[in-house]
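The exercises below each set a task and then work through it step by step. Please keep the sequence and the model side by side while reading.

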Amino acid sequence: MGVSKLAIAVAVMLMVVMIDRPAVVEGLTCGQVTSKLSGCLNYLKTGGAPSPGCCSGVKGLNSQAVTPTDRKQACTCLKTLAGSIKGINYGAAASLPGKCGVRIPYPISPSTDCSKVT
C-alpha cells in the first residue's frame with residue numbers, strides 16, 4: 001500500500017509541474033493523484049517501459065492539474081507519499097513524462113520545491 005502511494009506521488013509530481021494544459025476543474029486531491037498514477041508503481045520501482053495504463057494515468061493527471069494551485073497540491077501529495085515508500089527509482093520517475101509523451105518544464109525530483117511550482 002505504501003509503495004503505491006509513493007509511486008503515485010512521484011508520477012504526479014511529474015505531472016504537476018507541467019504547463020500548457022487545457023482548462024479543467026480545480027481542486028485536485030491526493031486521492032485523485034493516487035488514483036491516476038496507481039498503474040505506474042511497477043515502472044517506478046523497476047524502470048523499463050511504462051504500461052499503457054500508467055501513461056493513460058499520467059496524461060489524465062496532466063490534463064487535470066491545470067492551475068498553479070492544482071500543480072502545487074499534486075506536488076505536495078507526491079512528496080508526502082514518496083517519503084513513505086521505499087525502492088522508487090527516481091531516474092525512472094524523471095523519465096516517465098517523456099516516455100508517456102508529456103512535456104514538463106521542471107525536473108522530477110524528491111527535492112523539488114513545491115512552493116515554486118507554477
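**Exercise 1. Find the partner of Cys55, and state the handedness of the link and where its two ends lie.**

Step 1. In this predicted model, Cys55 is joined to Cys100 by a disulfide, the two sulfur atoms being 2.1 Å apart; a disulfide is taken here as a pair of cysteine sulfur atoms within 2.5 Å.

Step 2. The torsion about the S-S bond is -75°, and the link of Cys55 and Cys100 is left-handed.

Step 3. Cys55 belongs to helix H4 whereas Cys100 sits in the segment after H6, so the bond ties together parts that are 45 residues apart in sequence. Helices (H or I, at least four residues) and strands (E, at least two) are DSSP runs, numbered from the N terminus.

Step 4. Cys55 and Cys100 are both buried, where buried means under 20% relative accessible area, exposed over 50%, and partly exposed in between, with a 1.4 Å probe and protein chains only.

A note on conventions: residues are numbered from 1 along each chain as its sequence is written. Because the model is predicted, local features need pLDDT of at least 70 and side-chain atom pairs count only at pLDDT 80 or more, while totals for chains, interfaces and linings use all residues, and side-chain values use heavy atoms, with hydrogens and water left out.

**Exercise 2. Describe the disulfides Cys30 to Cys77 and Cys40 to Cys54, and give the pairing pattern of the chain.**

Step 1. The sulfur atoms of Cys30 and Cys77 are 1.8 Å apart and form a disulfide. Its S-S torsion is about -85°, so this disulfide is left-handed. It links distant parts of the chain, with Cys30 in helix H2 and Cys77 in helix H5, 47 residues apart.

Step 2. The two ends can be compared by accessibility: Cys30, at 32%, counts as partly exposed, whereas Cys77, at 2%, counts as buried.

Step 3. Cys40 is bonded to Cys54 with an S to S distance of 2.0 Å. Here the torsion is about 105°, so the disulfide is right-handed. Because Cys40 lies in the loop between H2 and H3 and Cys54 in helix H4, the pair ties together parts that are 14 residues apart in sequence. Both Cys40 and Cys54 are buried.

Step 4. The count comes to four disulfides, and when the bonded cysteines are numbered in sequence order the pairing reads 1-6, 2-3, 4-7, 5-8.

**Exercise 3. Work out which helices supply the largest nonpolar core.**

Step 1. Begin with the overall fold: the chain has six helices and zero strands.

Step 2. The largest nonpolar core contains 22 residues; such a core is a set of buried Ala, Val, Leu, Ile, Met, Phe, Trp, Tyr and Cys residues joined through side-chain atoms within 4.5 Å. Those with the most contacts inside it are Leu28, Val33, Leu37, Cys40, Leu44, Val58 and Leu96.

Step 3. At least two residues of this core come from each of helix H2 (30-37), helix H3 (41-46), helix H4 (52-64), H5 and H6, and H4 gives the most, with four residues.

Step 4. Looking at Leu28, and not counting residues up to four places away in sequence, the residues touched include Val33, Leu61, Ala65 and Ala74; contact means heavy atoms within 4.5 Å.

**Exercise 4. Determine how the buried residues of H6 are arranged, and what lies at its two ends.**

Step 1. Ala92, Ala93, Leu96 and Pro97 are the buried residues to consider in H6. Seen down the helix axis, the buried residues of H6 fall within an arc of 145°, so they line one face; the arc is that of the directions from the helix axis to the C-beta atoms.

Step 2. An α-helix has 3.6 residues a turn, so residues three or four places apart point the same way.

Step 3. At the start of H6, a side-chain oxygen of Asn89 comes within 2.9 Å of the backbone nitrogen of Gly91. After H6 comes Gly101, with a positive phi near 75°.

**Exercise 5. Place Gly87 in the chain and name its contacts beyond four places in sequence.**

Step 1. Gly87 is found in the loop between helix H5 (68-82) and helix H6 (90-99), and is partly exposed, with a relative accessible area of 49%.

Step 2. Leaving aside neighbours within four places in sequence, Gly87 is in contact with Leu44 and Lys45. The C-alpha atoms of Gly87 and Thr46, which are 41 residues apart along the chain, are separated by 8.7 Å.

Note on methods:
A polar contact is a pair of N or O atoms within 3.5 Å; within protein, one must be able to donate a hydrogen and the other to accept it, and residues adjacent in sequence count only if both atoms are side-chain atoms.
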